[in-house]
Amino acid sequence: MQTIDRAMQIIKVLAGSDTKRWFAISELSKESELPISTLHRLLQSMKQHGLIQQDLETKFYSMGNAWLQYGLQMYDTFDFVAQIRPELEKLMHEVEESVYFSKPIGLESLVVERIDCLNNPIRIYDQLGIRIPLNIGAANKVMLAHMPPKDKLKIVSSLVPENEHEAFLQLLRGVQKLGYGESHGERTPGTSSVAAPIFNHQNELIGAISVGYVNFNVTEERKSFLIEKVIEFGLRISRKLGAK
């Protein structure tokens, strides 16, 4: 187990930067808090399995192609290609904003799809694979609001200060009643998002779609349009997946 834990420490360093792809072994040692002698053994084993790669000239390390292979295999299990992604593309064209699909994983959500509008020069960029605590953002709140009560309370108790529990649960009750969630400047100042839940054929929550937009010059009419569209497409996708 210790070997797996250490390997994941290395992967978290390699995957944790938005701007840096390649790391020297000294940088990995510092960031992962592992001695270089230990890293040498681990990196060689990880390289054999395609989990990391090494530049032949600089000797720097980066994520390996195995993660892309496994990720694409998982991607196919989410019904994206056949059912969800075409609807996300239609939604993007109608609202002319970036659209997202997120899934809950434990106390966080994972952004597993993003489709940007090429006609919109101002975009909100949330990296694919980014993990966000479930108490932050429109997509996360709409997912939390529609979770079974026991799961919802457990997550709220873990993420929200105790003196804010009731107010947050009241907010979630409002989100569930309205059928959509919204967020304003929680992660990036000057930006907002609206989101709707997605359900499968057993009427189980599987994720949420969201539309991100920049607040500059956004009218109430425009915001109402975005809410209307995200609700409409949330229902369309859920029906495609067999929800009733």
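1. Strand pairing, starting from one bridge. Ile-105 has Glu-108 of strand 4 as its bridge partner. That pair belongs to a longer ladder: strand 3 (residues 98-105) and strand 4 (residues 108-115) are joined by seven bridges. The two strands run antiparallel. Note that this is a predicted model, so every value below is computed from predicted coordinates.

2. The sheet as a whole. Which strands form the open sheet, and in what order? There are six, in the order 5-4-3-8-7-6, with antiparallel pairing. Strand 5 (131-133) and strand 6 (181-184) stand at the edges. Each has a single partner strand, so one side of each lacks a neighbour in the sheet. On average, neighbouring strands are turned by 30° against each other, with direction ignored.

3. A helix on the sheet. Helix 9 (residues 220-240) packs on this sheet. The strands that helix 9 touches are strand 6, strand 7 (191-199) and strand 8 (205-214). The direction of helix 9 makes about 20° with that of strand 7.

4. Overall make-up. The protein chain contains nine helices and eight strands. Its C-alpha trace spans about 60 × 45 × 35 Å along the principal axes. Of the 244 residues, 43% are buried. Take the contacts with a separation of 6 or more: 55% of them join residues 24 or more positions apart.

5. Helix 2 against helix 3. Helix 2 (residues 25-32) packs with helix 3 (residues 36-48) at an angle of about 110°. The axes are 10 Å apart. Angles of 65 to 115 degrees count as roughly perpendicular, and the two helices are therefore roughly perpendicular to each other. Helix 2 contributes Ile-25, Ser-26, Leu-28, Ser-29 and Ser-32 to the contact. Helix 3 contributes Ile-36, Leu-39, His-40 and Leu-43. What is the character of the residues in this contact of helix 2 with helix 3? Five are nonpolar, four are polar and none is charged.

6. Salt bridges within helices. The count comes to 16 salt bridges. One of them joins the side chains of Glu-89 and Arg-85, at 3.2 Å from N to O. Glu-89 and Arg-85 are four residues apart in helix 5 (residues 80-95), which means about one helical turn between them. Glu-89 is partly exposed, at 31% relative accessible area. Arg-85 is also partly exposed, at 26%. In helix 9, Glu-232 forms a salt bridge with Arg-236, and their closest N and O atoms are 3.6 Å apart. Glu-232 and Arg-236 are four residues apart, so about one helical turn separates them. Glu-232 counts as partly exposed at 27% relative accessibility. Arg-236 is partly exposed too, with a relative accessible area of 23%.

7. A salt-bridge network. The Glu-232 and Arg-236 pair is not isolated. Both are linked in a network of salt bridges with Glu-87, Lys-90, Glu-94, Lys-229 and Lys-240.

8. A charged pair: buried or exposed? Asp-116 and Arg-114 are both buried. Their side chains meet in a salt bridge, at 3.1 Å from N to O.

9. A histidine in a loop. His-146 is found in the loop between helix 6 (138-145) and helix 7 (149-159). His-146 has a relative accessible area of 18%. Buried means under 20%, so His-146 is buried. Which residues does His-146 touch, not counting those up to four places away in sequence? They are Val-175, Gln-176, Pro-197, Phe-199 and Leu-205.

10. Positive phi outside glycine. Lys-59 has a positive phi of about 70° although it is not a glycine. Lys-59 lies in the loop between strand 1 (52-54) and strand 2 (61-63). Its relative accessible area is 48%, so Lys-59 is partly exposed. Asn-203 likewise has a positive phi, of about 60°, and is not a glycine. Asn-203 is found in the loop between strand 7 and strand 8. At 40% relative accessibility, Asn-203 counts as partly exposed.

Key
Residues numbered from 1 in each chain as written. Predicted model: local features only at pLDDT ≥ 70, side-chain atom pairs only at ≥ 80, totals over all residues. Heavy atoms only, no water. Axes fitted to C-alpha atoms, helices over the stretch in contact; angles between N-to-C directions. Parallel < 35°, antiparallel > 145°, perpendicular 65-115°, else oblique. Contact = heavy atoms within 4.5 Å. Nonpolar A, V, L, I, M, F, W, Y, C, P; charged D, E, K, R; others polar. Buried < 20%, exposed > 50% of the residue type's maximum accessible area, 1.4 Å probe, protein only. Pairing = 2+ DSSP bridges. Salt bridge = Lys/Arg side-chain N within 4 Å of Asp/Glu carboxyl O.
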